[in-house]
Amino acid sequence: MSRLYLIFFLGVFSTQVSAQVKLKKLVDFADEQYKNGDYYYALEYYKQALDRDSTSLELMWKYAETQRAHKNYVDAADYYARVYARDQGILYPESLLYLALMEKQMCAYKNAFETIKLAKKAYAEDKTTYLFKKAAKEVEALAWVLNHLYDSSDIDNQIIRLPKSVNTMNSEFGHTVHDRKLIFSSLRADSVNHINEEVYSNTYKTKLYSSEIKNGVFKENMKISELENAYLNSGNGCFSLDGKRFYFSMCSDIGFSYSCKILVADYENGVWSKVDTLNETINEPGKNTTMPFIAKIQGKEVLFFSSDRTGTKGGMDIWMSSIKNGDFTKPINCSKINSLDNDISPWYDSLANRLYFSSSWHFGFGGQDIFYSEYDKDFSAPKNLGIPMNSPANDQYFFKYNDTIYLSSNRIGSFYSKNPTCCSDIYASFPIRKSNDNNIIDSLKQKEIDENTVLNTPIRLYFKNDEPDAKSWAIFTTQNYEETFNLYKQDFSTYLSKVGESLGATSALSKQIELQQFFKEEVEKGFEDLVIFKNVLLKKLNDGSKIIIHLKGFASPLAKTNYNVALTKRRVSSLINYFNECNEGEFKKYLDGQAINGGKLSFSFASFGEYVANQETSDDILDQKNSVFSKEAAIERKIEIEKIEVEKKNITFPLFCQIPLVDFGEVKKKALITGSFIVESTSNQDLEIAIINEDSNFECTIEKNQNNSYEVRFIFNPSELEGLIYKSLILSLKGFKEKLELFITAEITD
């Protein structure tokens with residue numbers, strides 16, 4: 001061997017050894033972060049390791065497991081699929097089960113059903129194992145889900161995420177309301193207070209907080225420092241029947257694997273004192289005992305709690321113990337509702353004799369679902385509370401206070417920094433009240449209003465495909481927007497199931513999550529904004545304001561152009577109907593101009609149809625996955641409240657056009673487009689109106705009519721254009737910043 005070759009060989013060998021050492025350090029560090037519960041940092045280092053060795057089955061498995069712990073269902077499913085494709089369940093038999101569970105939590109129920117059937121078959125050699133029992137249960141559960149997706153829930157009020165005075169980028173869990181305060185726990189770091197704060201470190205601790213509820217508004221939360229321990233986690237609180245004792249959990253954790261005991265504190269006139277630990281009858285030594293709830297059953301005070309104490313079926317079970325003269329009887333396992341998985345967060349409704357709890361075992365829509373069991377000497381079989389209380393994510397900590405329902409969930413729509421399903425928020429379902437009441441839904445998002453210009457616009461309101469009044473050429477509808485929104489919400493699960501059809505598992509999941517996030521963050525938010533908006537308008541109108549709402553209507557390019565114009569007019573019509581009918585008709589006098597105080601509400605609307613839609617969006621009726629059910633198509637089906645003009649006495653800008661868009665439909669290239677707009681004036685003086693027009697093919701003139709209005713006439717030569725066009729004219733007045741924009745649309749053909 002030549003000396004030169006030997007030097008080369010040793011150099012290559014040294015480089016390989018160095019790379020292996022670096023890789024091992026990365027993996028060791030990632031393993032340590034995973035063990036400590038620092039899932040975010042574990043993922044960072046596992047990813048670096050995978051970049052160095054993308055073929056390592058062990059690294060893929062660790063990455064998948066960490067994504068599951070971090071509740072990133074999409075990426076976890078992706079890597080479980082990769083592991084199973086390589087391993088076929090030999091080294092990592094759990095990969096198939098976890099892939100199905102991640103698909104389920106991504107709302108990909110059909111994919112999950114096929115995967116879990118494969119898993120059940122794979123585990124069938126030993127039917128005594130947890131893997132087989134879980135897979136068999138999930139086969140039944142997913143068959144149930146596919147048959148119950150469109151069922152209406154007993155509770156169908158809108159689920160509202162509580163505001164940032166309660167929820168953060170971290171995790172919050174609601175427990176009870178007492179003395180007009182929401183008591184909840186939050187997993188956060190006291191020393192960190194940034195907008196991008198998110199749970200991924202074991203330096204975070206769960207602490208108890210309270211938020212005062214005043215006139216329907218949740219005030220800024222305050223930590224209950226009397227019940228905290230700097231080195232332990234506290235949470236899961238409830239009050240005794242007389243309100244004088246507060247039961248809660250205190251937990252140590254190793255990598256977020258909690259070991260808890262139940263404590264009790266005295267409470268009187270807002271003061272906490274005499275914190276003590278319950279005896280070993282409840283807190284069995286060496287066991288995890290947590291989530292207390294005090295209830296009244298058949299006149300007796302009873303403690304429910306969740307524990308893995310001796311006698312538990314599997315994971316955490318729900319137990320109950322009677323309280324007699326301050327002492328606790330031997331706990332009884334609520335065996336009819338407990339399972340091999342975790343059964344947690346019990347809450348008992350003494351009026352309905354129902355125990356509500358969360359479980360990942362029974363027939364559910366996601367990870368942890370909320371169930372209830374009727375109690376009459378014993379518990380009945382659990383029943384799923386249904387959608388929208390349950391979601392594909394984890395839904396826990398159900399409780400009621402008066403006529404309001406609270407729950408905690410990491411569903412799409414929760415606050416997050418990096419992973420949309422990382423962290424739980426507290427949600428509420430408020431009772432439907434008359435709008436002139438102090439409506440708690442509105443007060444959640446109430447904003448300061450400028451006297452002359454109202455709200456943050458545009459407000460976008462979205463529609464189900466071809467709604468309202470499908471397959472109609474009418475330009476008006478009898479439906480109002482709230483009805484069309486509820487129809488969209490009711491049928492949205494169909495969109496989720498269809499958007500991923502014929503795609504691979506990973507692509508389908510990605511499309512479903514994208515669409516679900518759009519629905520939560522845009523469609524539902526749009527309706528919430530509308531509810532706030534109309535109550536703000538009513539307040540202004542009651543003060544005598546004159547208000548103009550400028551609307552635009554849009555459609556996806558699926559149907560014919562002229563059909564889409566009619567469709568968008570129906571959509572605009574549904575919003576006007578909404579204002580006519582909401583708040584028990586309080587807007588009608590303002591719409592009719594009959595209000596004694598002089599207040600008036602007017603609309604200006606332009607129906608664009610598909611003219612401004614993204615023409616790359618599919619218009620193929622045979623490709624409904626993209627032309628109907630996709631996010632790209634959903635974005636186009638909307639109306640916009642573009643602008644609002646408000647003045648206490650008079651409208652500042654005196655020009656107004658009720659129909660600022662004229663659609664000419666199909667027009668031959670050689671034909672001239674001629675027409676006019678009627679522009680009304682609120683001023684008694686002659687106005688110097690300037691037309692801003694930069695298109696040489698557009699000739700415009702303006703003439704004043706006798707009835708204090710102006711006619712804007714135009715001639716347009718489309719000879720150099722083809723396809724869908726929309727053109728605008730802008731009218732301006734000296735001394736005013738505002739301008740009036742007018743539109744024409746047409747489809748130019750040969």
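Contacts that reach far along the sequence are prominent in this predicted model: among contacts between residues at least 6 apart in sequence, 62% join residues at least 24 apart. The secondary structure of the chain comprises 14 helices and 35 strands. Of its 750 residues, 56% count as buried. The chain exposes about 34900 Å², and carbon and sulfur atoms supply 49% of that area.

One helix and one strand residue may be examined in detail. Helix α5 covers residues 94-105, 12 residues in total, which at 1.5 Å a residue should span 16 Å; its end C-alpha atoms are 16 Å apart, in agreement with that expectation. Because 11 of the 12 residues of α5 are buried, this helix is largely enclosed by the rest of the structure. The buried residues include Leu96, Leu97, Leu99 and Leu101, and also Glu103, Lys104 and Gln105. An α-helix has 3.6 residues a turn, so residues three or four places apart point the same way. Following α5 comes Cys107, whose phi is positive, near 75 degrees.

Attention now turns to strand β7, residues 233-239, in which Asn233 is found. With a relative accessibility of 2%, Asn233 counts as buried, because the cut-off for that class is under 20%. A polar atom of the Asn233 side chain lies 2.8 Å from the backbone nitrogen of Thr206. Leaving aside residues up to four places away in sequence, Asn233 touches Tyr204, Lys205 and Thr206, together with Ser249, Met250, Cys251, Ser252, Asp253 and Tyr258.

How values were computed: Residues are numbered from 1 along each chain as its sequence is written. This is a predicted model: local features need pLDDT of at least 70, side-chain atom pairs count only at pLDDT 80 or more; totals for chains, interfaces and linings use all residues. Side-chain values use heavy atoms; hydrogens and water are left out. Helices (H or I, at least four residues) and strands (E, at least two) are DSSP runs, numbered from the N terminus. Buried means under 20% relative accessible area, exposed over 50%, partly exposed in between (1.4 Å probe, protein chains only). Contact means heavy atoms within 4.5 Å. Accessible areas come from the Shrake-Rupley method with a 1.4 Å probe; for residues, only the protein chains shown count as cover. The expected span of a helix is 1.5 Å times one less than its number of residues. A polar contact is a pair of N or O atoms within 3.5 Å; within protein, one must be able to donate a hydrogen and the other to accept it, and residues adjacent in sequence count only if both atoms are side-chain atoms.
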